[in-house]
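Please go through the predicted model shown here. The report takes up confidence, two helices, three threonines and the open spaces.

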Amino acid sequence: MSDSSHGPNSSQLSDSSHGPDSKQVVVLGAGMAGLGAASRLRETGHDYIVVDKRPHAGGHTMSYAHPGDNGGTFLFDEGPHVSFTHDQRIQELFADAVDGRYEILQTQVDNHWRGHWIKHPAQCNLHGLPSDLIVDVIRDFVDAQAEDASHASNYQEWLIATYGRTFAETFPMVYGRKYHTCHARDMTTDWLGPRLYRPSLEEVLRGALQPTTPDVHYVDHFRYPTDGGFLAFLRKLIDATPIELDAEVRAIDPRSRRLRFTDGREMGYRHLISSLPLPELIARITGAPAEVRDAAGKLACTTCVLVNLGIDRPDVWQSHWTYFYDEDIVFTRLSAPPVMSPNTVPPGTSSLQAEIYYSAKYRPLDRDPHTFIEPTIRDLTRVGILRDDDAIVHRSTQVIPYANIIFDHDRPAALETVFGYLDEIGIATCGRYGKWGYHWTDEAFRSGEEAANLLAT
């Protein structure tokens with residue numbers, strides 16, 4: 001899936017007719033948000049082009065094919081991606097892209113803590129945990145019922161007010177240090193939405209006393225392409241879009257409205273839509289004020305190291321993704337591609353993808369990513385997912401420099417400064433990294449459409 005196919009008119013970048021007075025709209029980035037913008041621009045009849053520095057389109061929704069030692073191909077996405085949108089229009093768009101060939105899957109999510117496998121979410125599935133811990137969790141949860149979490153000034157205060165101190169400090173605060181790379185007190189609460197379920201006291205009690213409970217995860221089912229990995233949902237959009245690949249922007253001059261690329265080529269634009277990460281966008285703008293550059297430099301995100309493993313045995317793991325709270329386990333989250341679609345692996349095999357998080361601001365990545373492979377295999381064996389005699393027939397790593405936005409206390413003021421400046425110079429942004437928010441796939445796509453809609457107002 002790492003081919004460099006792209007849409008029609010892909011040679012437009014070198015066309016000298018694109019001068020500073022061109023009416024062309026340029027979209028930076030050919031990922032989910034950039035393609036959302038392109039889709040709307042095509043619908044509204046604009047003359048536009050999408051440019052991307054990578055040799056392929058898809059952005060973070062890319063899927064990669066890797067050979068196995070014994071033949072066959074393992075397919076890995078750039079981190080676990082699924083579609084659980086309730087937007088019927090986008091459901092139909094994705095379904096059409098794969099000619100109706102997609103899986104509809106009931107979500108299977110679990111947690112691991114100190115040798116215990118816990119159904120997700122852990123706060124209402126305490127059955128089987130040590131009795132002293134359960135008593136402390138319930139006691140603190142009861143006390144927390146009198147608290148108003150809406151007044152919390154940070155994520156740590158919100159967790160304690162919502163779940164009580166014992167649960168907060170044992171589970172989400174520990175997981176957060178692995179996933180967000182910072183302490184809960186360093187984060188705001190404006191990203192939470194439905195992501196952390198707040199159960200009733202009855203749900204907590206039943207989950208402590210009974211081995212089975214109702215499913216209350218905010219994602220109860222999702223769609224995934226039968227063939228081709230998650231990127232398949234974008235394939236027709238990519239084929240219909242004029243995209244210039246291997247085109248990295250080196251400088252943006254907002255006065256002359258010109259782009260300069262690393263290979264020396266230039267392009268004029270009338271309107272610019274960017275899905276680039278905000279720090280990278282600001283760094284490329286000629287004449288950006290120091291205070292704007294400083295603000296962009298305060299924006300934090302995680303870097304994810306993906307460890308991809310192919311195993312010469314079927315049905316190694318049946319959960320779609322699993323959260324690991326133990327700080328002595330190297331990875332934070334685990335997903336199983338063949339549970340998304342059996343066509344992601346050769347017949348008779350399985351695959352696993354482990355996520356390990358770092359961040360430039362809070363926990364810099366200071367080692368070769370390949371050194372995570374053996375610790376990942378070791379810990380998967382230690383928790384019982386892999387067997388000692390399993391044959392690992394594929395192993396690879398990938399570093400995702402922009403993984404998840406860190407909603408720390410620097411973010412709100414920094415964004416106000418950055419977006420104020422971008423509004424002044426007429427650059428619209430979209431996507432998780434262009435908006436620096438917690439965008440799911442459908443939200444990223446719609447944000448691209450919304451950026452394109454601004455051109456008609």
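What follows is a short tour of selected local features.

## Basis and confidence

This is a predicted model, in which local features need pLDDT of at least 70 and side-chain atom pairs count only at pLDDT 80 or more, while totals for chains, interfaces and linings use all residues. Residues are numbered from 1 along each chain as its sequence is written, and side-chain values use heavy atoms, with hydrogens and water left out.

pLDDT is the predictor's confidence in each residue, from 0 to 100. The protein chain averages 93. At least 70 is reached by 95% of the residues. Residues 1–18 stay under 50. For that stretch the model has 59 contacts beyond four places in sequence, a contact being heavy atoms within 4.5 Å. Where pLDDT is low, the predicted coordinates should not be read in detail.

## Two helices

Helices here are DSSP runs of H or I with at least four residues, strands are runs of E with at least two, and both are numbered from the N terminus. Buried means under 20% relative accessible area, exposed over 50%, and partly exposed in between, with a 1.4 Å probe and protein chains only.

Helix α4 covers residues 155–163. It is largely enclosed by the rest of the structure, because 7 of its 9 residues are buried. These are Tyr 155, Trp 158, Leu 159, Ile 160, Ala 161, Thr 162 and Tyr 163. They pack against α3 (131–144), α5 (165–170) and α6 (172–179). At the start of α4, a side-chain oxygen of Asn 154 comes within 3.0 Å of the backbone nitrogen of Gln 156. Just after the helix, Gly 164 has a positive phi of about 90 degrees.

Helix α12 spans residues 373–382. Its buried residues are Ile 373, Pro 375, Thr 376, Ile 377, Asp 379 and Leu 380. Strands are among the elements that cover them: β14 (303–311), β16 (333–335), β17 (350–358) and β18 (392–400). Just after α12, Gly 384 takes a positive phi of about 95 degrees.

## Three buried threonines

Which loops hold Thr 188, Thr 213 and Thr 349, and what are their relative accessible areas? The table lists them.

| Residue | Loop | Relative accessible area |
|---|---|---|
| Thr 188 | between α6 and α7 (201–209) | 13%, buried |
| Thr 213 | between α7 and β8 (221–225) | 17%, buried |
| Thr 349 | between α11 and β17 | 11%, buried |

The contacts below leave out residues up to four places away in sequence. Thr 188 touches Tyr 155, Phe 407, Asp 408 and His 409. Tyr 155 is also one of the buried residues of α4.

Thr 213 is in contact with Lys 119, Cys 124, Asn 125 and Gly 207. Asn 125 is 88 residues away along the chain, yet the two C-alpha atoms are separated by 7.2 Å. The side chains of Thr 213 and Asn 125 make a polar contact of 2.4 Å. A polar contact is a pair of N or O atoms within 3.5 Å; within protein, one must be able to donate a hydrogen and the other to accept it, and residues adjacent in sequence count only if both atoms are side-chain atoms.

Thr 349 touches Phe 74, Ile 311, Asp 312, Arg 313 and Pro 314. A polar atom of its side chain lies 2.7 Å from the backbone oxygen of Pro 346. Thr 349 and Gly 68 are 281 residues apart in sequence, but 9.9 Å apart in space, C-alpha to C-alpha.

## Cavities and a pocket

On a 1 Å grid over the protein atoms alone, a cavity is a set of points where a 1.4 Å probe fits but cannot get out; a pocket is an open set with protein on both sides within 12 Å along at least five of seven lines; lining residues have an atom within 4 Å of a point. Grid points are joined across faces, edges and corners, and a volume is the space filled by probe spheres set on the points.

The whole structure has 2 cavities of 30 Å³ or more. The largest cavity holds about 80 Å³. Its lining has 13 residues, and the closest to its centre are Asp 77, Pro 80, Ser 335, Pro 337 and Gln 353. Two or more lining residues come from each of β4 (73–77) and α11 (337–340). β4 gives the largest share, 3 residues.

The second largest pocket has a volume of about 320 Å³. It is lined by 17 residues, with Ile 427, Ala 428, Thr 429, Ala 451 and Leu 454 closest to its centre. At least two lining residues each come from β13 (271–274), α13 (411–425), β19 (427–429) and α15 (441–453).
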